[in-house]
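Reader: I am new to this structure and would like a close look at a single part, the enclosed space inside it, together with whatever charged side chains belong to the picture. Please take me through it slowly.

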Amino acid sequence: MRGRALFLLVYFPVFLPLLIFTQVPLVLKILFTLNFAVLFIMSAVYLFKDKRYAPILAAFIVFNFLFFIMAPMLQIHDVFASDNLKMITKLVYKEHLMVKTNIFILIFNVVFFVAYQYFLSKKITFKAYQPDKYLPVHIFILFGVCILILVLNLEYLQTEYFEHNYVVSDLSKSALLVKEKIILMIPFPVLLLSIYYLKNCKKKSYNYYIIIVLSVLLVIVLLAIKNPLTEKRNALGPIYLTIMFFIVPKLLNTNFKVLMFLFFSMILIFPTISLITHSGYSLERLAKKPELLLDQLKNHGIVNTFTTLNYDAFINFAATIEYAEGDGLTYGEQLSGGVFFFVPRKIWTNKPISSGEFVGEYLKREYGNSKSFTNLSNPYVSEGYINFGLFGVIIFAILLAYGFHLMVVWINGFNPLKIAAAFYASMHMIFFLRGDFTNGFAFLMATFLVLLVFPNLYFKFFKASLKKTKPDAKSI
């Protein structure tokens, strides 16, 4: 109880300096304060009232605090401190845009929270889960599939290891999605099933020790396929945090622990890592001269990380609003490209580009030049707005609340793969909310396919095969 109360108080030492010392117009400070108040109430209810384990809501709270309060206040401060009205995406600062953006975020968060509490109030009956008695056999067979996947993709992985940032793949985006987010993710659920078996095995039989060996080998296979040389950091985090959660659930098994972990990770750990990776120094040089990191912290500071393009969600929502003011809403056209992400462009020739790229092209056309960077993020709430305006903001908030409710049901149930899917979604949620929607939704659905659909199809096929091999009682 005391720890949770102290954590709530941590918000104020972070927010009050922003409120007092940043050069942000008064009307915006009032709106940022209102958004902060909503998040504070949400956090208090989450920590003290909500009885169900819901790590996904912790991700929502942390995302909003960092991307919709802390980062934009610092970015607006930089605009006024430098007398340069161009923001980090080259969007020209306009106060009415910042006001509208804050108001829409406030509406979104209030609607989301009310809807989430409504869905959470519904009585839920959790179905019992009966572990498959053939689970060791399944793990052994699926381990063979993982080895086959590794062998068949060795050439591709070698290219990723040695030429990852320098070679443009000849595969289409749809083909890359299938390869990287589906085929090469298959060892992930197999490892989780092996961990589940080991933790729930009551009798340490011969199978138990075989699965231990296979688990170690699966970790090696997964590390060979999914590592910083072959995958982006925002994708690696959810994978390995989910594995950690399965191995040692006590580390993140309460709302308080998850909120504290995400809050301090996103405010301190990730900005520090970003400073290291963008310092221009090798890890070997930093190890020999750690004072170089101290110089980096002193000259640039962790706070400055929040004024980079990594935290452009609020500004891109403002750019979306400006686009809609001039050119109108898209009335579902942009959304269709995200929902039907799996349809290749060769078939759907006029398939809409992602909303992040769409807004990036608008900023390039209005404020940039031929070298302007257009592969930007665009937050989930902005996707609702660009398609249907205020109505979209409200509907998207309700849909998100229902999705969160579903993840809470899964993670508090007994099915290990649904628990894994819900925890993965929770850790993926900051990336999903930051956007853009097309990429966040595609990656999440691909992982759900790997964790839920493919294993269930395999289990059904296995059972059907067993029935065919059993002799018919009438023929005996």
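Author: A charge is said to sit over a ring if NZ of Lys or CZ of Arg is within 6 Å of the ring centre and within 35 degrees of the ring normal. The model is a predicted one, in which local features need pLDDT of at least 70 and side-chain atom pairs pLDDT 80 or more, while totals for chains, interfaces and linings use all residues. Residues are numbered from 1 along each chain as its sequence is written, and side-chain values use heavy atoms, without hydrogens or water.

Lys179 has its charged end over the ring of Tyr156, 4.9 Å from the centre, and the charged end of Lys181 lies over the ring of Phe443, at 4.6 Å from its centre. Lys181 and Phe443 also lead us to the enclosed space, since both are among the residues lining the largest cavity, a cavity being a set of points on a 1 Å grid over the protein atoms alone where a 1.4 Å probe fits but cannot get out, with lining residues having an atom within 4 Å of a point. The largest cavity has a volume of about 90 Å³, volume being the space filled by probe spheres set on the points, and the structure holds three cavities of 30 Å³ or more.

Around this largest cavity, the lining also includes Met185, Lys226, Glu231, Tyr424, His428 and Thr447. Helices α10 (233–247), α18 (416–434) and α19 (437–469) each give at least two residues to that lining, helices here being DSSP runs of H or I with at least four residues, numbered from the N terminus.

One of these helices, α18, carries a charged contact as well, because Arg434 lies in α18 and Asp312 in the loop between α13 (291–299) and α14, so that their pairing ties together parts 122 residues apart in sequence. The side chains of Arg434 and Asp312 meet in a salt bridge, at 3.7 Å from N to O, the term requiring a side-chain nitrogen of Lys or Arg within 4 Å of a carboxyl oxygen of Asp or Glu. Arg434 counts as buried at 19% relative accessibility, and Asp312 is buried too, with a relative accessible area of 1%, where buried means under 20% (1.4 Å probe, protein chains only). The structure holds four salt bridges, and another of them joins Lys100 to Glu325, whose closest N and O atoms are 2.6 Å apart. That pair links helix α4, which holds Lys100, with helix α14, which holds Glu325, 225 residues apart.

How values were computed: 1 Å grid on protein atoms, 1.4 Å probe; cavity = no way out; pocket = protein on both sides within 12 Å on 5 of 7 lines; lining within 4 Å. Buried < 20%, exposed > 50% of the residue type's maximum accessible area, 1.4 Å probe, protein only.
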